[in-house]
Amino acid sequence: MNLPEHGSEDVSSILAVELEHEPVKAIKGIHQVEPDANIYWLIDVEFSGFTLSDEDILQLLKGYIVYGHVHDLQMWTSVGRRPAGECHFDKICICMDIFDNVEMQVRLLDEAKVADFMNTLPARFQEKGTVHVLPREDAARARAKAEKLKAFTDQEGEREHAVMLRLVADQGQSYRGADIWDVMLSLGMEWGDMDIFHAHHHGLGGYDELFSVHTGTEPGFFWLSTLAEDRFADLIFSMDGVRTVQPQTVFETMWKSAEYARARLGGTLVNEQGLPAVPEDYLRQIQEMEDRLREFGFKAGEDVVLFLF
């Protein structure tokens with residue numbers, strides 16, 4: 001049995017959530033991107049009367065994360081990591097790692113080595129011209145930022161940030177794969193990465209994944225080649241609360257989607273403990289998570305949180 005390309009109805013308005021993003025500013029195809037002071041120690045290098053291209057800087061500072069100030073556009077962007085557009089920079093910002101987001105440990109800043117690095121920077125540019133090295137903060141403040149990240153990850157590292165809502169078929173029943181496919185397409189969801197379904201948001205702030213749908217029935221995902229004939233005991237709607245912009249708004253969208261699936265397929269919505277799901281319980285848990293993040297000056301879904309989790 002072939003799977004249709006479109007759902008039997010269009011309820012994609014359920015996924016039409018408005019997320020508050022800072023618009024991505026682009027001039028002449030170049031995205032404005034500021035170096036992130038939350039996760040790096042930033043060292044500015046100003047050029048005296050000359051500019052350098054992406055290729056120039058990549059050769060001089062191979063292996064470093066570098067942002068550049070575009071001379072004619074007067075804005076910052078990433079060096080060598082853009083889809084298109086040649087740039088010439090009148091200054092750059094070198095990003096020094098202060099936190100290991102794999103081991104979740106503060107990177108020990110050897111002040112003598114860092115000072116030596118900054119002292120030898122001008123020699124790297126001597127064939128191009130004179131530069132001025134200007135750290136945005138001292139080593140003590142950089143270390144304090146790293147300790148803040150460590151305290152935050154110590155608090156949140158053992159906590160569960162996944163928000164899961166399970167639609168369980170009635171006793172003795174199961175869901176036909178063909179029906180699941182129709183429900184997902186009717187919602188405007190897309191089958192893709194990891195062989196599961198995803199709800200996406202495309203807005204001024206860029207691209208977001210809102211939530212995904214998998215199953216507890218082995219193997220846990222949906223083979224397109226057999227989906228039409230397969231049967232499933234449940235559907236699991238899930239989102240990562242800490243990595244999601246406006247997680248309460250997204251949860252409400254996920255809940256409406258799960259309710260639509262329940263109305264179409266039957267069954268019961270339950271929480272991770274198998275008890276009847278109550279939306280207010282989820283919203284309270286998400287609010288508590290957001291409050292914990294706010295104590296550290298962070299918000300769910302922002303870059304520093306994505307870096308850490």
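Let's start with Phe50, which is buried in this predicted model, with a relative accessible area of 13%. Its ring partner is Phe47, and the two are stacked, at 4.8 Å centre to centre and with 10 degrees between the planes. Phe47 counts as buried too, since its relative accessibility is 9% and the cut-off is under 20%. That pair belongs to a longer list, because a search of the whole structure gives 13 aromatic pairs.

Here is another one to look at: Phe152 with Phe309. How are those two rings arranged? Their centres are 5.7 Å apart and their planes meet at 80 degrees, so this pair is edge-to-face. Phe152 sits in helix H3, residues 139-156, while Phe309 is in the segment after helix H7, residues 303-308, so the contact ties together parts that are 157 residues apart in sequence. Are the two partners buried or exposed? Phe152 is buried, at 0% relative accessible area, whereas Phe309 is partly exposed, at 23%. If you keep both on screen, add Phe296 and Phe298, as ring pairs link these four phenylalanines into a cluster.

Now please rotate to helix H6, residues 279-295. Its 17 residues reach 25 Å from the first C-alpha to the last, close to the 24 Å expected at 1.5 Å a residue. Which residues of H6 are buried? They are Tyr282, Ile286, Met289, Glu290, Arg292 and Leu293. These cover an arc of only 155 degrees around the axis, which means they lie on the same side of H6. Glu280 and Glu295, on the other side, are exposed. And what do the buried residues of H6 pack against? The list is H3, strand E11 (162-168), helix H5 (247-265), strand E18 (268-270) and H7. Just after H6 comes Gly297, with a positive phi of about 85 degrees.

Last stop, the hairpin of E5 and E6. Strand E5, residues 65-70, runs antiparallel to E6, and 4 bridges join them. One bridge to look for is His69 with its partner Trp76 in E6. There are 4 residues between the strands, and Gln74 in this hairpin has a positive phi near 55 degrees.

In a regular strand, side chains alternate between the two faces of the sheet. For E6, residues 75-78, Met75 and Thr77 are on one side, Trp76 and Ser78 are on the other, and all of them are buried, so both faces are covered. One more thing about Trp76: Arg136 lies over its face, 5.5 Å from the ring centre.

Thanks, everyone, and I'm happy to go back to any of these views.

Key:
Residues are numbered from 1 along each chain as its sequence is written. This is a predicted model: local features need pLDDT of at least 70, side-chain atom pairs count only at pLDDT 80 or more; totals for chains, interfaces and linings use all residues. Side-chain values use heavy atoms; hydrogens and water are left out. Buried means under 20% relative accessible area, exposed over 50%, partly exposed in between (1.4 Å probe, protein chains only). Helices (H or I, at least four residues) and strands (E, at least two) are DSSP runs, numbered from the N terminus. Two strands pair if DSSP finds at least two bridges between them. Rings of Phe, Tyr and Trp (its six-membered ring) pair if their centres lie within 6.5 Å; planes under 30 degrees apart count as stacked, over 60 as edge-to-face and the rest as tilted. A charge sits over a ring if NZ of Lys or CZ of Arg is within 6 Å of the ring centre and within 35 degrees of the ring normal. The expected span of a helix is 1.5 Å times one less than its number of residues. The arc is that of the directions from the helix axis to the C-beta atoms. Contact means heavy atoms within 4.5 Å.
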